[in-house]
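Work through these exercises with the model open beside you. Try each task before reading its solution.

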Amino acid sequence: MIPLGHYLVVSAILFAIGTAGVFLRRNLITILLSIEIMLNAVNLTFVAFGRAQGNVDGQIITFFVMTVAAAEAAVGLAIVIALFRHRESLNPDAFTSLKW
Amino acid sequence: MIALIPLFPLLGFAINASMGRRLPKAVSGGLASLVMVASFVVSVMVVWQIADLAPTQRVIEQTLYTWITSGDFKIDLTLRVDPLASVMILVITGIGSLIHIYSTAYMHEEVDREFARYFSYLNLFAFFMLVLVLGASFLVLFVGWEGVGLCSYLLIGFWFEKRSAADAGKKAFVVNRIGDYAFILGTLLLFVRFGTLDFQRIASATAPLAPESMFGTLSVATLLLFIGATGKSAQIPLYVWLPDAMEGPTPVSALIHAATMVTAGVYMIGRNAVLFSHAPETMMVVATIGAATALFAGTIGLVQNDIKRVLAYSTVSQLGYMFLAMGVGAFGAGIFHLYTHAFFKACLFLGSGAVIHALHGEQDVRNMGGLKAALPTTYWTFLIASLAIAGVPGLAGFFSKDEILFETFAHGHTILWTIGILTSLLTATYMFRLVFLTFHGTRRHDAPAPQHPEEEEPTAHGAPSHTAASDAPSHDSHVAPSHHLHDAPAAMAFALVVLAIGSVFAGYIGIPGALGGHNALGSWLEPSFTARSVTTLADAQVAEPGEASGTGEAGGEVNSGVELPLMLVSSVVAIAGIALAAFIWLKRREIADKAAATFPGLYRLLLNKYYVDEIYDATVVQPIRIVSQEGLWRGIDVNIIDGAVNGTASIVDGSSSLLRRLQSGSVRTYAGSLFIGVVLILGYYLWR
Amino acid sequence: MSETILFYLFSVVAILASALVIGQRNPMYSIMLLIASFGALAALYIQLDAPFVAMAQIIVYAGAIMVLFLFVVMLLNAPQEDAAVWDRTHPLRRPGVARFGALLAGLLIVQLVWALVRVNDASTAVNARGDVAAISSVRTVGRVLFTDYMFAFEATSILILVAMVGAVVLAARETAS
């Protein structure tokens with residue numbers, strides 16, 4: 001009998017880790033991976049809440065999140081490839097042409 | 001048919017303005033003169049027509065179309081010929097034609113294009129002047145009034161590449177504008193008072209009223225109109241443009257600034273004789289200013305050294321006489337003098353033009369002399385005209401000037417009469433000074449100019465040189481060798497002779513009763529100065545001396561006892577003036593120089609025209625300039641308005657340069673700002 | 001009892017693996033660790049009576065998305081970031097910015113904790129309600145998905161189509177002609 005709160009704590013920790021990864025890493029791939037971590041944390045939250053309410057809605061939303069994550073990963077990686085071809089670098093700080 | 005009178009010159013203007021540059025000089029000049037002659041012929045026919053009518057019915061009018069309708073306000077473009085207008089149109093078209101013919105020879109050195117431009121302006125001027133005198137209402141008159149001002153500007157500044165000419169044109173226009181402003185105010189006041197601007201309707205409405213004793217509406221309105229007249233007719237205080245207007249070609253000076261445009265003010269008062277008669281305060285002002293101006297200008301003319309300037313001040317002085325006449329109620333006398341003055345002044349100007357033409361641009365009388373034998377036609381016509389203006393008995397000027405002086409005396413204005421007599425003396429003196437210096441004595445026009453350090457402005461040369469550098473007097477550079485003097489060519493001589501004949505005989509239509517004449521002109525003009533009541537048929541009385549006018553005839557019958565002695569006095573004065581001039585400038589020139597040396601201050605004062613121009617500049621022009629330049633331009637326009645506009649731009653610039661730092665180009669910074677947003681939103685929802 | 005132990009076990013694995021993901025310099029290692037994390041998460045899903053989601057997690061996330069990442073990393077053959085050089089020149093290393101970022105992070109943590117505290121049923125057992133058999137059956141999931149969430153389903157399918165096209169276009173090499 002695991003309380004709901006435990007799951008939420010886990011999820012929060014995972015989310016924080018993901019956020020940290022987005023801001024601290026200087027590799028585009030790793031940043032994308034951190035975003036995936038955040039999305040997963042959100043998934044866990046949804047499923048937990050859904051189970052706590054006794055219906056399958058949480059799971060359904062999870063599907064959609066997963067789908068969107070997949071699409072986003074695909075497009076994001078395509079962009080990374082295109083960027084890489086330009087600058088030969090995966091560091092986000094290398095792409096500052098839109099600077100004022 | 002009346003409309004043809006102004007339309008002919010307008011046609012001439014249209015053709016010369018549009019096609020003039022392609023026409024040879026003979027065609028453009030001939031065309032211009034021809035339309036003037038045609039206009040003259042039509043004028044004669046029209047005058048013949050009205051002469052057939054009964055004296056009090058002598059009006060024909062032609063309404064061309066309704067010009068303005070606005071509610072109750074309706075102005076038609078109506079031309080009206082009555083005795084006063086008849087005199088004016090004959091003068092304008094007759095003397096105008098002569099001057100056009102003269103100009104074909106005088107302006108001969110110009111290129112085709114300039115020649116045509118000159119004649120187009122001259123025709124346009126004639127058109128506007130005719131509209132002015134033929135107009136039946138204030139507005140139509142004003143159209144002509146403004147139009148002649150415009151043409152005056154164009155013609156004074158004809159050689160606009162010369163700085164002094166361009167400035168003189170501007171000065172004329174601006175000073176006129178001041179007068180016009182007053183004129184418009186006067187017109188508006190009259191409209192408010194009477195509800196109409198038609199001359200006859202105003203006259204009819206005014207006639208039954210009693211003359212105003214204090215400064216009422218009529219006095220104010222007429223005073224404003226008179227201020228407008230001082231601008232157009234060069235009286236104190238707005239006369240300053242006329243001497244400078246001598247920068248224009250000499251025929252222009254003759255036509256516009258002697259015979260026609262400057263008389264517009266006199267005409268205007270004559271046209272509104274009934275109105276002015278009901279404003280005795282204004283009449284006093286008119287008479288006083290007229291007399292004062294006459295004396296004032298006469299003193300200045302005595303010492304000027306430019307032949308045209310002497311004549312210019314003489315014009316101002318004679319106009320003063322005309323206003324004096326109008327001011328004392330002798331409207332007919334004023335118009336009579338206008339008519340005779342047109343003849344002899346035009347003759348004098350054209351004569352001076354012939355002299356200048358012969359001497360290839362020399363205008364300083366100190367460099368002339370001894371031309372009597374070389375230029376006989378010019379000399380004799382000039383002499384005759386000078387005798388006329390001096391008021392020698394038997395010539396035209398005598399009759400008109402004498403009538404003015406008599407009327408002044410008869411109405412009790414003894415002081416004004418004295419001033420008039422004094423001015424007569426001055427007139428004779430300075431005119432004959434001019435004659436003797438120019439034509440008699442030894443030839444001086446090869447010699448360099450004597451040193452005259454008192455003069456503030458060197459005499460101008462009217463030579464049509466298109467280089468901008470020729471402002472300084474160069475007495476020796478362009479004067480031709482002396483043995484090449486030729487008298488006036490045919491066209492010029494013709495005009496001179498006709499005008500000289502006119503100077504002799506023109507006055508005979510106004511011979512007063514005291515000398516046995518009938519004063520035909522006076523009685524002809526009389527109906528114009530009374531109000532024809534619109535409804536009743538006027539009786540066929542010839543002389544209707546109502547409240548409106550006094551004619552020489554009525555005065556002559558009553559006071560012939562006074563008139564003859566006065567005539568004698570003015571004749572004596574005229575001859576005395578001539579004798580004085582002969583004594584000094586013919587016999588003993590050194591007297592003049594000694595007098596100038598003895599009273600250097602006075603001499604300088606007169607030579608520099610009482611420093612009036614400088615006073616105006618200091619009191620009026622500079623303050624306006626300073627306010628406009630420093631206050632309005634620098635202060636408001638540059639600082640406030642431009643500042644606002646530029647300030648807006650710089651605010652945008654500044655704020656955008658702050659805002660653009662958001663665009664750092666770094667994705668992580670953008671992510672960071674997203675994060676901030678998340679935190680904030682989360683916090684907000686947790687708070688609620 | 002065993003439930004609790006399993007829960008803690010899998011949670012620790014997931015958290016630890018995620019923490020290591022963001023700490024690796026080699027992206028390949030990150031991906032591997034993330035797969036491990038996903039696996040642990042799948043186990044957690046099973047514990048939450050959501051077997052279908054767990055399977056989807058393994059198949060879609062760990063199986064497809066991570067493999068895609070792997071492909072891209074190997075395709076790009078990217079050099080690993082040189083920490084030392086970038087460290088010196090990085091603007092975020094400036095004290096002002098770093099402090100601000102730390103502050104924000106702290107703020108977020110506070111908010112999360114606060115949010116957690118306000119959850120009403122935090123202490124009740126997560127599987128207190130609901131019929132296990134119904135919740136965990138694929139049939140139920142399918143029925144709800146294709147009736148109540150029909151629109152979202154269709155929209156998501158279009159989203160995937162768009163993403164597919166976009167990915168192809170973005171990554172396409174510019175042809176020489």
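**Exercise 1. Place B:Ala234, then decide whether it is buried or exposed.**

Step 1. B:Ala234 sits in the loop between helix 8 and helix 9 of chain B. Helices (H or I, at least four residues) and strands (E, at least two) are DSSP runs, numbered from the N terminus.

Step 2. A note on the source: this is a predicted model, where local features need pLDDT of at least 70, side-chain atom pairs count only at pLDDT 80 or more, and totals for chains, interfaces and linings use all residues. Residues are numbered from 1 along each chain as its sequence is written, while chains are lettered from A and ligands numbered from 1 in the order in which they are written.

Step 3. Apply the burial cut-offs. A residue is buried if 20 or more other C-beta atoms lie within 10 Å of its own, exposed if 12 or fewer, and partly exposed in between; C-beta atoms are placed from the backbone. B:Ala234 has 31 other C-beta atoms within 10 Å, so it is buried.

Step 4. Check the backbone. B:Ala234 is not a glycine, yet its phi is positive, about 55°.

Step 5. Look along the loop between helix 8 (217-232) and helix 9 (241-244) of chain B, where B:Pro237 also lies. The peptide bond from B:Ile236 to B:Pro237 is cis, with omega near 0°.

**Exercise 2. Examine B:His360 and B:Ala373 in the loop between helix 15 and helix 16 of chain B.**

Step 1. Start with B:His360, which is found in this loop. B:His360 has a positive phi of about 55° without being a glycine. It has 16 other C-beta atoms within 10 Å and is therefore partly exposed.

Step 2. Move to B:Ala373, between helix 15 (331-358) and helix 16 (376-390) of chain B. B:Ala373 counts as exposed because it has 10 C-beta neighbours inside 10 Å.

Step 3. Find a partner far off in sequence. B:His440 is 67 residues from B:Ala373 along the chain, and their C-alpha atoms are separated by 9.0 Å.

**Exercise 3. Describe how helix 11 of chain B packs against helix 14 of chain B.**

Step 1. Choose the descriptors. Two packed helices are described by the angle between their axes and the distance between the axes.

Step 2. Read the values. Helix 11 (residues 264-271) and helix 14 (residues 307-328) of chain B pack at about 10°, with axes 10 Å apart. Axes are lines fitted to C-alpha atoms, for helices over the stretch in contact, and angles run from 0 to 180 degrees between N-to-C directions.

Step 3. Classify. The angle makes helix 11 of chain B roughly parallel to helix 14 of chain B (under 35 degrees is roughly parallel, over 145 roughly antiparallel, 65 to 115 roughly perpendicular and the rest oblique).

Step 4. List the contacts (C-beta atoms, placed from the backbone, within 7 Å). B:Val266, B:Ile269 and B:Gly270 in helix 11 of chain B meet B:Leu319, B:Met322, B:Phe323 and B:Met326 in helix 14 of chain B.

Step 5. Sort them. The contact residues of these two helices comprise six nonpolar, one polar and no charged. Ala, Val, Leu, Ile, Met, Phe, Trp, Tyr, Cys and Pro count as nonpolar, Asp, Glu, Lys and Arg as charged, and the others, Gly among them, as polar.

**Exercise 4. Repeat the analysis for helix 2 and helix 3 of chain A.**

Step 1. Helix 2 (residues 28-53) and helix 3 (residues 57-87) of chain A pack at about 175°, with axes 8 Å apart. Helix 2 and helix 3 of chain A are therefore roughly antiparallel.

Step 2. The residues of their contact divide into 15 nonpolar, six polar and three charged.

**Exercise 5. Which residues have the most contacts inside the largest nonpolar core?**

Step 1. A nonpolar core is a set of buried Ala, Val, Leu, Ile, Met, Phe, Trp, Tyr and Cys residues joined through C-beta atoms within 7 Å.

Step 2. The largest has 199 residues, and B:Phe125, B:Ala346 and B:Leu350 have the most contacts inside it. Helix 15 of chain B gives the most to this core, 18 residues.

Step 3. Leaving out residues up to four places away in sequence, B:Ala346 touches B:Ile95, B:Ile99, B:Ala254, B:Ala258, B:Ala259 and B:Leu499.

**Exercise 6. How many residues does each chain bring to the contact of chain A with chain C?**

Step 1. Chain A brings 62 residues and chain C brings 67.

Step 2. On the chain A side, helix 3 supplies the largest share, 21 residues.

Conventions
Contact = placed C-beta atoms within 7 Å.
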